[in-house]
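Here are my notes on the model you sent over, set out as numbered points. I hope they are handy to keep beside the viewer as you go through it.

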Amino acid sequence: MVDLIYLPVLVVASTILYFGVRFVYNVFFHPLREYPGPFLSKATRAVWAYHTFNGDMLQYITSLHEKYGDVVRIAPDELSYNTAQAWIDIYGHRSPNGNGNLPKEVSKRRPELNGTPSIISADDPTHRRMRRIQAHMFSEKALSAQEPLINGYVDLLISRLQEKAKNPETNVLNMVLWYNYTTFDILGSLAFGEDFSCLESDDLHPWIANMWRSLKDGTFVRVSKHFPWPFDKLVYSLGPPELKSAQKVDYDFASGKARTRMAQGETDRVDFMSYILRHNDEKGMTTAEIESNAALLILAGSETTATFLSGITYNLLRTPEVLKTLTELVRNTFATEDDINIHGVQRLEYFTACLEEGLRTYPPVPSGLPRVSQGNVINNKYVAAGTVVSVHQWASYSSPKNFADPEKFVPERWMKEPPARYANDHTKVFQPFSFGPRNCIGRNLAYAEMRLILARVLWNFDLELQPSAQNWNSQKVFVLWEKGPLSVKLVPRKL
C-alpha cells in the first residue's frame, strides 16, 4: 500500500530527473554544443515544437539566422543552414567524401496507410526506380503532348474570370481559389484522367480541402514523434481533433481514383497513368506504390503551383512598376491571345526573371527539407551522425547576405546582365525545386503552367489589389503556406 501511495511521486520525480539530465546533456555535452543557437532551443525540442504547432517556425528560424549566422542549432539535434554550399553538401549528388544525397529523416514521418513508401519517403534504390518510371510523364515530349490539355483548362479559367469581371458585383475575386481551381483540375485530369470540376462549379472539391487537413495533421504527427512515450501521445492530442481522420479520407479517395484509372489500362490519353503503365516493366511500380503516390502527384503538382501564382500576383500588385512592365511585355509580344504558348513565353527573359523573383519572395515550399547527417562535413564543419540538417529556403532567400534588398521584388536581379547592385547576389542558394537526385521531378510542368496561366491573366485583365489583402503574405506555415483570401479586382482589358 505504501508503495502504491508513493508511485505517483516516483513517476513525477523520475520524469523530472530524465528531462533534467537531457537538458544538461544537450546544452553542455552534446556533440552539437559548439553550434550557435538560443539556449532553450539547444536544451529541448519544446521550443521547436511550439513554433511548429503555432505555424510560425518560418519567422522564428529566419530571425535565428539573422542573429546567429549561416548555421544555427534550432533544436538539440537539428541544424538549419542558409548557404549554397550546404545545398551541395546535404542534397547534391553523392561525392567521394560521402557528402550529398544524405538520407531523409523518415523516422518522424507519418507512414503511408498501406505501408508502402511514396517517392518522397522511399529509400534510394526504390526512389531511383520510381523516378525512372515517372520521368517519362514529365519529359519535354510529354509536356508537348499535354499542352493542349493545359490550354483547355486555362481557356476555361479565362472564360470564367471574364464572366465575373463583367459584373461590378462579382469582379472582386479571391485569386487563391481560382488558381487552385485551375491547377487542381489540370492535375486531376493528368493524374486520374478526370478533373475535379472546380472551374465549372466555382467550388473546391471536398477532397482538396481535406488534403490540406491531412498535410497539417502530418505536421503534428512529426512534432509528436520527437517526444518519448507517453509524451508523444500528449503532444499529438494538442492538435485539432478534426484532423485525425484526414489521412484516411485522403488515401481512400486518391487510391480509389488510381485503381479506377488503372483498370482502364493504357489508353491514348496524355495522363500520367498512361506513361506509368506504358513503361511499367518488371522494374516498374507496384499497385501499392501507385496508390501511395496518387495523392502526392496531385498535391505536389497543383497546390505548389497555385501557391506560386497567388504569391507572384500579390507581389506584382505590390510593385506596380514591375506589373506595368510585365503586362506591356506580354501584350506587345503576342499579336493575339492564341499566340501565347509555353515556348513563346519561355523566350521572354524578363518574364522568366519575374518568375524567379516570385519564387524567391514567396517560395511554395518555404521551409527546410530535413536530411540526416552520417558524420559529414557540412558548410566546412563536421556534423555528428544522427543530426537532422536542412537548408531553410525562406531564411536563405530573405537574407541580406545572399540577396541585396531581399525585401524588394526586383526581377532585374535575375537578368543575364543585372544592375550592379544585384550583380553579386548569391543566386546559387536559390533552389526552389530542391537540388540533386531528389529534386522536383515536375519542374518543367510547373514552369509551363506558371507561364501560361500568368501570361493569359495579364493579357486579359488589369488587376487591382484590394485593401483587405494588403498584408496577405503574413501567413502561417504547415509545410506549405496557410493562405488566406487574395482579394483582387479584375478589370477587363481595353483593346
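1. L465 counts as buried, because its relative accessibility is 15% and the cut-off for buried is under 20%. Please keep in mind that this is a predicted model. L465 belongs to strand β8, which covers residues 461-465. Setting aside neighbours within four places in sequence, its contacts are Y314, L317, R318, Q470, L486, S487 and V488. P366 is 99 residues away from L465 along the chain, and their C-alpha atoms are 23 Å apart.

2. One of the contacts of L465 is Y314, and that tyrosine is worth a second look. Y314 forms one aromatic cluster together with Y362, W394, W472 and W481. If you are colouring by residue type, these five names make a good selection to start from.

3. How many aromatic pairs does a search of the whole structure find? The search returns 17. One of them is W414 with F430, a tilted pair with 4.6 Å from centre to centre and 45° between the planes. Both partners sit in the loop between α18 (393-397) and α19 (443-460), so the pair ties together parts that are 16 residues apart in sequence. W414 and F430 are both buried.

4. Moving on to helix α19, I453 is one of its residues. I453 counts as buried because its relative accessibility is 0%. Beyond neighbours within four places in sequence, I453 is in contact with V154, L157, Y179, T182, T183 and L309. D232, in turn, is 221 residues from I453 in sequence, with 44 Å between the two C-alpha atoms.

5. Is Q162 buried, exposed or partly exposed? Q162 is partly exposed, because its relative accessibility is 30%, and the partly exposed class lies between the 20% and 50% limits. The residue is part of helix α7, residues 140-165. Leaving out residues up to four places away in sequence, Q162 touches N460 and F461. L490 is 328 residues away from Q162 along the chain, yet their C-alpha atoms are separated by 8.4 Å.

6. T116 is found in the loop between α5 (84-91) and α6 (124-135). Although it is a loop residue, T116 counts as buried, with 16% relative accessibility. Apart from residues up to four places away in sequence, T116 touches A288, E289 and S292.

7. Some backbone details deserve a check in your viewer. Which residues does a cis peptide bond join? They are W229 and P230, and omega there is about 5°. P230 is placed in the loop between α10 (206-224) and α11 (231-237).

8. Two residues that are not glycines have a positive phi: S197, at about 60°, and D202, at about 55°. S197 lies in the loop between α8 (175-192) and α9 (198-201), while D202 lies in the loop between α9 and α10. S197 is partly exposed, because its relative accessible area is 35%. D202 is also partly exposed, with a relative accessible area of 27%.

9. Now for the chain as a whole. It has 19 helices and 11 strands. For 495 residues, a compact globule would have a radius of gyration near 23 Å, and the chain's 24 Å agrees with that. The C-alpha trace spans about 85 × 60 × 50 Å along its principal axes.

10. Buried residues account for 54% of the 495 residues. Of the contacts between residues at least 6 apart in sequence, 73% join residues at least 24 apart. The Q162 and L490 pair from point 5, at 8.4 Å between C-alpha atoms, gives you a place to look at parts distant in sequence.

11. Last, the surface and the charges. The accessible surface of the chain is about 22100 Å², and carbon and sulfur atoms hold 56% of it. There are 54 positive and 53 negative side chains, and the centres of these two sets are 5 Å apart.

Definitions and conventions
Residues numbered from 1 in each chain as written. Predicted model: local features only at pLDDT ≥ 70, side-chain atom pairs only at ≥ 80, totals over all residues. Heavy atoms only, no water. Helix = DSSP H or I, 4+ residues; strand = E, 2+ residues; numbered from the N terminus. Rg over C-alpha atoms; globule rule 2.2 N^0.38 Å. Buried < 20%, exposed > 50% of the residue type's maximum accessible area, 1.4 Å probe, protein only. Contact = heavy atoms within 4.5 Å. Areas by Shrake-Rupley, 256 points an atom, 1.4 Å probe, with all protein chains shown as cover. Lys, Arg positive; Asp, Glu negative; His and termini not counted. Charge placed at Lys NZ, Arg CZ, Asp CG, Glu CD. Phe/Tyr/Trp six-rings, centres within 6.5 Å; stacked < 30°, edge-to-face > 60°.
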